[in-house]
Amino acid sequence: MAVKGKTAKKTSKSSTSKKKTKVTKKKSSAKSSAQSSVTAKLKKTKKASTLKVKSTPSSELAASVDPYSLVRLSTKRQVNSVEEKKARLRARRIHWNKEKEKIAIDMLERYTGHDIKDFQQQIILTNFHYYIERFNVLLDDAIYTKGSAFKASSSKKAQVTIIEFGVGSAMAALIGELVSVVNPKAVLFLGLAGSVHPSLKVGDFVLPIASIRAEGVSDHFLPPQVPALPTFKVQKFVSQILVEHGHDYRTGTIHSTDFRFWEFDDRFKQNLIEERVLAVEMETAALFTACFVSKVNIGALLLISDCPMKKGGIKTKSSAKEVFKKYTDIHIELGIEAMADIAERGEKVRHYNW
């Protein structure tokens, strides 16, 4: 019986060892299967990468071998990217977007009361109704209309149209885009400005060579680092007219703002002095920028109407009447003559096509 007990113990030990062997075998087989699956995945990945290389176009394979081909391929991609950007920019402009042009023509006719065919190729822009009244007196064939937002008058004899569009940079940018549908030869803004430089006085003329874009509206048209500039040849024509009539004028930079009552802000006035600007007003920057991107030749002749930097120099109702009585007739007459002169000479105003 003792022998049988030992045998039983041995048997149980052997069975236990067999179980352990089976578990070990199972573990090793699991490990081997896991390793084989990982190996299979790696093989698949290698095959996939090999297939990708094989499917690469011959032009790119050549580029990887030939550095000059790689440069050409990269340049081509950059050119395509630039052309796509240009196309997106053009789609925002009236002269590239037929749908926008159609709406702009409808809006210009509705806002001015003018039919599109009545607009002349030389256009004067103004903020004040008196300029249109004076235009109608000076030109006996003037056709005057009043639209839903603006007023306009056109003379076929002088080949000039005048538009009163209101006050401020938003309206200036709007009219700058709208007049582009007329495809005018030249546009001239006759505006009033407050002097900053102490040498300027009421009644002086300023022919701006640039305008500081501090109004915000022009940012919708061009990046902030792009300057707001008038068309040189329009300013040249106006300059000649001023000299021929013996009028002195100043040239320099103007500050355009949409901040009314800036006269009571000392920090704002200090900034104007630091900028070295001649005068401050509300429309030129928006007009110059909107007209530039809309391919409109634009100039400006500003009349100093008040001297806000000096004590008691802020414009009032009574002082404004005095300005209109003494100086605005000359202002509008010079504008009409300059635009009529551009019409008669017939030379190109823009230096290049773009």
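**Helix H4, strand E6 and the nonpolar cores**

In this predicted model, the buried residues of helix H4 are covered by elements that include strand E2 (143-146), strand E3 (151-155), strand E4 (160-164) and helix H6 (169-178). The residues of H4 that sit beneath this cover are Ala104, Met107, Leu108, Tyr111 and Thr112, each of them buried. Viewed down the axis of H4, these buried residues fall within an arc of 100 degrees, so they line one face of the helix. This arrangement fits a familiar rule: an α-helix has 3.6 residues a turn, so residues three or four places apart point the same way. The other side of H4 carries Lys98, Glu99 and Lys102, which are exposed.

The geometry of H4 itself can be checked with simple arithmetic. H4 comprises 15 residues (residues 98-112), and at 1.5 Å a residue it should span 21 Å; the C-alpha atoms at its ends are 21 Å apart, which agrees. Both ends of the helix have a local feature to look at. At the N-terminal end, asparagine 97 acts as a cap, with a side-chain oxygen 3.2 Å from the backbone nitrogen of glutamate 99. Just after H4, glycine 113 adopts a positive phi of about 80 degrees.

Attention now turns to strand E6 (residues 205-214). Seven of its 10 residues are buried, so E6 is largely enclosed by the rest of the structure. E6 runs parallel to strand E7 (residues 249-257), and nine bridges join the two; within this pairing, alanine 210 has threonine 253 of E7 as its bridge partner. With strand E9 (residues 298-306), E6 pairs in the antiparallel sense over two bridges, and here valine 206 stands opposite leucine 302 of E9.

The packing of nonpolar side chains completes the picture. In soluble globular proteins, such side chains tend to be buried together. The largest nonpolar core in the model has 43 residues, and those with the most contacts inside it are Leu125, Ile163, Ile175 and Val179. At least two residues of this core come from each of H4, strand E1 (122-126), H6, strand E5 (186-195), helix H9 (284-293) and E9. H9 supplies the largest share, seven residues. Leaving aside residues up to four places away in sequence, valine 179 touches Ile123, Leu125, Ile163, Pro184, Val187 and Val296. A second, separate core has 29 residues, among them Leu139, Val160, Leu192 and Leu301.

How values were computed: Residues are numbered from 1 along each chain as its sequence is written. This is a predicted model: local features need pLDDT of at least 70, side-chain atom pairs count only at pLDDT 80 or more; totals for chains, interfaces and linings use all residues. Side-chain values use heavy atoms; hydrogens and water are left out. Helices (H or I, at least four residues) and strands (E, at least two) are DSSP runs, numbered from the N terminus. The expected span of a helix is 1.5 Å times one less than its number of residues. Buried means under 20% relative accessible area, exposed over 50%, partly exposed in between (1.4 Å probe, protein chains only). The arc is that of the directions from the helix axis to the C-beta atoms. Contact means heavy atoms within 4.5 Å. A polar contact is a pair of N or O atoms within 3.5 Å; within protein, one must be able to donate a hydrogen and the other to accept it, and residues adjacent in sequence count only if both atoms are side-chain atoms. Two strands pair if DSSP finds at least two bridges between them. A nonpolar core is a set of buried Ala, Val, Leu, Ile, Met, Phe, Trp, Tyr and Cys residues joined through side-chain atoms within 4.5 Å.
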